[in-house]
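The exercises below ask you to read local environments from coordinates and to justify each classification by its cut-off. Please work through each task before you turn to its solution.

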Amino acid sequence: MGYQLKKKGVVFREMELKDKVSIVTGGASGIGKQIALTYANEGSKVAIIDIKKEEGNKTIEELKKYSDSIFIQADISIVNNIEMAVNKIIKYYGQIDILVNNAGISIRADVDALTEEQWDLINSINLKAAYFFSKEVCKLMKKQNYGRIINIASARSVIADETHLGYSVTKAGLVAMTKSFAVSLAKIPIYVNAISPGYVLTPMTSHNLENPLWMEWLKNRVPLGRFIEMQEVANIALFLASEKSNGITGQNLIIDGGWVISQ
Ligand SMILES: NC(=O)c1ccc[n+]([C@@H]2O[C@H](COP(=O)([O-])OP(=O)(O)OC[C@H]3O[C@@H](n4cnc5c(N)ncnc54)[C@H](O)[C@@H]3O)[C@@H](O)[C@H]2O)c1
């Protein structure tokens, strides 16, 4: 339990995730990397799983400065790879306390233009992989009588536009899955929650900062008038992984600067 002790004006704080073991899928870059670093900085050992070898190797070097972390390169759209990755992690650490289903892709297409291949691809990474990771990991979490699962969905799970059907459907599915797992695992308790970010400033989206028209749109459309920072998403992922969020399960926490609730 994280708590504060005051002694002669100095605040001592226990690390929020001391001695925990976390898995972050898609942890080589972007939001997943930020969550992995935040967890490691709070005392967790972190296993990142990503398809990108080079980025994964770079990120693991950073993570190792904080904790005994490992990188497993795998394409998680294939269920067999998920089972192998989870087995490797159990063999290495002997425990899994926190799972962050973060890996995700987006495909833009008109509603009547998605191909079968695109449908299967986005589903297999955004939704199917999250299910099979949760299924594999919760077997051990049940034995441990402890666990937290955090699904990175999207503000697009609750709103619609013309070109994100596949993305919105898989992210809405992820939110529905969050609720089913939360209800089924509550007695243990394993806490299961989702985070739905709006526009996050990542290496992939930062080029928009140079696009005045797009930035104008963002300022008009999003009440906070700015991107969400990766660290702001990671802070919520830390809260949901820590004892401070005890009592919260099955929720979808939207962090979007007020985008989806404004007209
Ligand atoms: N960036 C945003 O504005 C935003 C907004 C809402 C939700 N999200 C969600 O946040 C999550 C992270 O997004 P991000 O912006 O950091 O993107 P990103 O592309 O930087 O990170 C996604 C990671 O997932 C990995 N990945 C993709 N397919 C994989 C596969 N088959 N097997 C293993 N790893 C795979 C990628 O290699 C990458 O490292 C995603 O689920 C995304 O949908 C992002």
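**Exercise 1. Classify A186 by its accessibility, and place it in the chain.**

Solution. A186 has a relative accessible area of 35% and is therefore partly exposed, given that buried means under 20% relative accessible area, exposed over 50%, and partly exposed in between, with a 1.4 Å probe and protein chains only. Before going on, note that this is a predicted model, in which local features need pLDDT of at least 70 and side-chain atom pairs count only at pLDDT 80 or more, while totals for chains, interfaces and linings use all residues. Residues are numbered from 1 along each chain as its sequence is written, and side-chain values use heavy atoms, with hydrogens and water left out.

The next step is the position: A186 is found in the loop between α5 and β8, where helices (H or I, at least four residues) and strands (E, at least two) are DSSP runs numbered from the N terminus. The last step is a distance, since A186 and G247 are 61 residues apart in sequence, yet their C-alpha atoms are 9.7 Å apart in space.

**Exercise 2. Find the cis peptide bond in the loop that follows α5, and give its omega.**

Solution. The loop between α5 and β8 (190–197) holds P189. The bond that joins I188 and P189 is a cis peptide bond, with omega at about -5 degrees.

**Exercise 3. Determine which residues S168 touches, and whether S168 is buried or exposed.**

Solution. Start with the element: S168 belongs to helix α5, which spans residues 165–185. Its relative accessibility is 13%, so S168 counts as buried. Leaving aside neighbours within four places in sequence, S168 is in contact (heavy atoms within 4.5 Å) with R156, S157 and I159. For R156 one can also give a polar distance, because a polar contact is a pair of N or O atoms within 3.5 Å, where within protein one must be able to donate a hydrogen and the other to accept it, and residues adjacent in sequence count only if both atoms are side-chain atoms. Here a polar atom of the S168 side chain lies 3.0 Å from the backbone oxygen of R156.

**Exercise 4. Describe the surroundings of the ligand, beginning with its polar contacts.**

Solution. An oxygen atom of the ligand lies 2.5 Å from a polar side-chain atom of Y167. A ligand nitrogen atom is 2.9 Å from an N or O atom in the side chain of D75, and a ligand nitrogen atom is 3.2 Å from a polar backbone atom of I51. On its own the ligand has 820 Å² of accessible area, of which the protein covers 90%; such areas come from the Shrake-Rupley method with a 1.4 Å probe, and for residues only the protein chains shown count as cover.

Now widen the view to the shell. There are 26 residues around the ligand, and S29, I31, D50, N102 and Y167 come nearest, where a residue is near if one of its heavy atoms lies within 4 Å.

**Exercise 5. Compare the settings of A40 and S245, taking each in turn.**

Solution. A40 lies in helix α1 and has a relative accessible area of 2%, so A40 is buried. Not counting residues up to four places away in sequence, A40 touches V46, L63, Y66 and S67. The C-alpha atoms of A40 and K18 are separated by 9.0 Å, with these positions 22 residues apart along the chain.

S245, in turn, has its place in the loop between α7 (230–241) and β11 (252–255). Its relative accessibility is 1%, and S245 therefore counts as buried. Apart from neighbours within four places in sequence, S245 is in contact with R148, F239 and L240.

**Exercise 6. Locate D19 and N145, and state the sign of phi for each.**

Solution. D19 is placed in the loop between β2 (10–13) and β3 (21–25), and its phi is near 65 degrees, a positive value in a residue other than glycine. At 48% relative accessibility, D19 counts as partly exposed. N145 is placed in the loop between α4 (116–144) and β7 (147–152), and its phi, also positive in a residue other than glycine, is near 55 degrees.
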